[in-house]
Amino acid sequence: MSYDLAVVGAGPAGLTAARVAAKRGLRVALIDGYARTGGQFLRGAAQPRLTGVEVKLGQRVWAVEKSPGGFQVHASATTTAATLLIATGAHDTVLPFPGWDLPGVLTAGGAQALVKGERIRPGAEMVVAGTGPFLLPVAVTLLEAGVRVKEVLEANRPSPLMAAALARNPSKAAEALAYVRRLAAARVPYRTGHAVVAAHGKDSVEGVTVARLTPEWRPYAWRTVDCDTVAVGYGFTPQVDLALQLGCELSGDHVVADDRQRTSVEGVLAAGEVTGVAGAPSAVVEGALAVHSLVGEPPPRLLAEKARLRRFARALERSYPVRDGWRDWLTPDTVVCRCEEVTLRAIDEARDLGAHDPRTLKLLARPGMGWCQGRMCGHAVARLTGHEPAPQKRPFAQPITLADLTLHDREDNA
Amino acid sequence: MIEFRFEGRAISAEEGQSIGAALHAAGIRSWRTTRFGGRPRGLFCAIGACFDCLLTVNGVPDQRACQTVARAGDEVGP
């Protein structure tokens, strides 16, 4: 059957959109690659009731394409719909450092997912490091799971811009204060202008080197901290693969969407982190607005709420950038691309041979050529060639088997 | 709780838990080595993006441990 709306991604944006659309009488399919709804933010939350929504879980969408009368969404089965909502979220942005490929180094989002979604304790003694306000809830989640959090390290310094944004958003300020109090009560130091610049261990993390950073993130004054696990996160990268396949206009790392979540391609909507990282409350509002672009008029209250949350997100983005000094954390032997095991030395050699942009570098030295398709090293590799990180076009958003592809063809031709 | 086997060893998992989380919680932090450097690999992003945690489940290779829900009786290996 063909749906009025296919929603890809069952996080806060997709769940909200699917629920609102069903309530408005639309035939809606909600598709997600994981076995449960919730996405990264609501992992582990009770599975919501989605009356009137066709929920398709465990369906990893590897391609979307325009078809007569709408779109085809290809996973292990194909879903056809008149309108497509892309709500595929984001993953952590990570930076390489010596030892970052040792087991026991986790992304911040991953550490949180292991507690909230998987109900395990990711480590006994942990250091949380990176940049951005997300480090705070991660550290608190870990504390509550019984982890001994030794330090939380924020690479950036407190910014006047952030202070002003918090002053305008009392609920956000209260939330931040609650996290800081919780950390203080557990005597966990929160240090700005610090980072984990190396991880040590034989087969797994046994400790890290912590450095003080100049405002540009150049390290000085090093010391070691014993721990068995590290959580690192330097912001988030929107997962825009499906939007790119359809030719939606991008701005920097995210999909351009108007006030009703319409992209530049007719019939394609986008909501939540794919349209720029702004957090779950913003994703919920945008999920609802996306449905309003199909039926009725967007309520002014929602439009105002979205504008307010987006302004706050912009202030955050400007307050917690990745600064260039991280390159000084690397040694020639540091692995930059984890999949293809490409070291900084190999990247420098390729640059000496004339690879001055990420694509040429990839062809010459192979960073970004492996399984993750540059999702983990893309940011660093772009910066190392002096370019702004930009989304890469991936004709297959997920790996699929030849058998799936064959079955898929049969289904199409049936 | 359910039980699966990793290289012959019995591992317990909660209902709905991923193989990767169950292994990590059991103190097994690495389940494959890299092709060139022979470096250990286990969970890293834990949300299906990095592909570090690949393993073989019931004979099917290259499954993401963090995205594969453990089932009773699964045979898991590198």
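**A walk from an enclosed helix to the interface**

Let's start inside chain A, in this predicted model, with what packs around helix α3: the cover over its buried residues includes α2 (108-116), β9 (125-131), β10 (148-154), α5, β11 (190-192) and β15 (229-234) of chain A. How many of the 10 residues of α3 (residues 135-144) are buried? Nine of them are, so the helix is largely enclosed by the rest of the structure. If you want to click through them, the buried ones are A:Leu135, A:Leu136, A:Pro137, A:Val138, A:Ala139, A:Val140, A:Thr141, A:Leu142 and A:Leu143. An α-helix has 3.6 residues a turn, so residues three or four places apart point the same way. After α3(A) comes A:Gly146, with a positive phi near 95°.

One of the elements covering α3(A) is α5 of chain A, so let's look at that helix next. Its 16 residues (170-185) should span 22 Å at 1.5 Å a residue, and the C-alpha atoms at its ends are indeed 22 Å apart, so the two values agree. Just past α5(A), A:Arg187 has a positive phi too, of about 55°.

Now for a polar residue tucked away in chain A. A:Gln261 sits in the loop between β18 (254-255) and β19 (268-270). Is A:Gln261 buried or exposed? It is buried, with a relative accessible area of 0%; the cut-off for calling a residue buried is under 20%. What do the side-chain polar contacts of A:Gln261 look like? One goes to the side chain of A:Lys306 at 2.6 Å, and another reaches the side chain of A:Glu286 at 3.4 Å. Apart from neighbours within four places in sequence, A:Gln261 is also in contact with A:Val268, A:Leu269, A:Ala270, A:Ala271, A:Thr275, A:Leu289 and A:Ala290, among the residues around it.

A:Glu340 takes us over to chain B. This residue lies in the loop between β20 (335-337) and β21 (342-343) of chain A, and it counts as buried because its relative accessible area is 9%, with the cut-off at under 20%. Its side chain makes a polar contact of 3.0 Å with that of A:Arg366 and one of 2.8 Å with that of B:Arg35, in the other chain. Leaving out neighbours within four places in sequence, the contacts of A:Glu340 also include A:Met369, A:Gly370 and B:Phe36. A:Cys372 is 32 residues away from A:Glu340 in sequence, with 9.8 Å between their C-alpha atoms.

So much for one residue at the border; what about the whole interface? Here 34 residues of chain B are in contact with 38 residues of chain A. Together the two chains bury about 3,100 Å², 52% of it on carbon and sulfur atoms. B:Arg29, B:Phe44 and B:Ile47 supply 24% of the area that chain B buries against chain A, more than any other three residues.

On the polar side, there are five salt bridges between the chains. One pairs the side chains of A:Arg338 and B:Asp52, at 2.5 Å from N to O. The interface also has 21 residue pairs in polar contact, counting pairs where both are at pLDDT 80 or more. As for the side of chain B that touches chain A, the elements giving two or more residues to it are α1 (19-25) and β4 (40-41) of chain B. α1(B) provides the largest share, three residues. By type, the residues on this side of chain B split into 15 nonpolar, 10 polar and nine charged.

Terms used. Residues are numbered from 1 along each chain as its sequence is written. Chains are lettered from A and ligands numbered from 1 in the order in which they are written. This is a predicted model: local features need pLDDT of at least 70, side-chain atom pairs count only at pLDDT 80 or more; totals for chains, interfaces and linings use all residues. Side-chain values use heavy atoms; hydrogens and water are left out. Helices (H or I, at least four residues) and strands (E, at least two) are DSSP runs, numbered from the N terminus. The expected span of a helix is 1.5 Å times one less than its number of residues. Buried means under 20% relative accessible area, exposed over 50%, partly exposed in between (1.4 Å probe, protein chains only). Contact means heavy atoms within 4.5 Å. Buried area is the accessible area (1.4 Å probe) that two parts lose on being put together, summed over both. A salt bridge is a side-chain nitrogen of Lys or Arg within 4 Å of a carboxyl oxygen of Asp or Glu. A polar contact is a pair of N or O atoms within 3.5 Å; within protein, one must be able to donate a hydrogen and the other to accept it, and residues adjacent in sequence count only if both atoms are side-chain atoms. Ala, Val, Leu, Ile, Met, Phe, Trp, Tyr, Cys and Pro count as nonpolar, Asp, Glu, Lys and Arg as charged, and the others, Gly among them, as polar.
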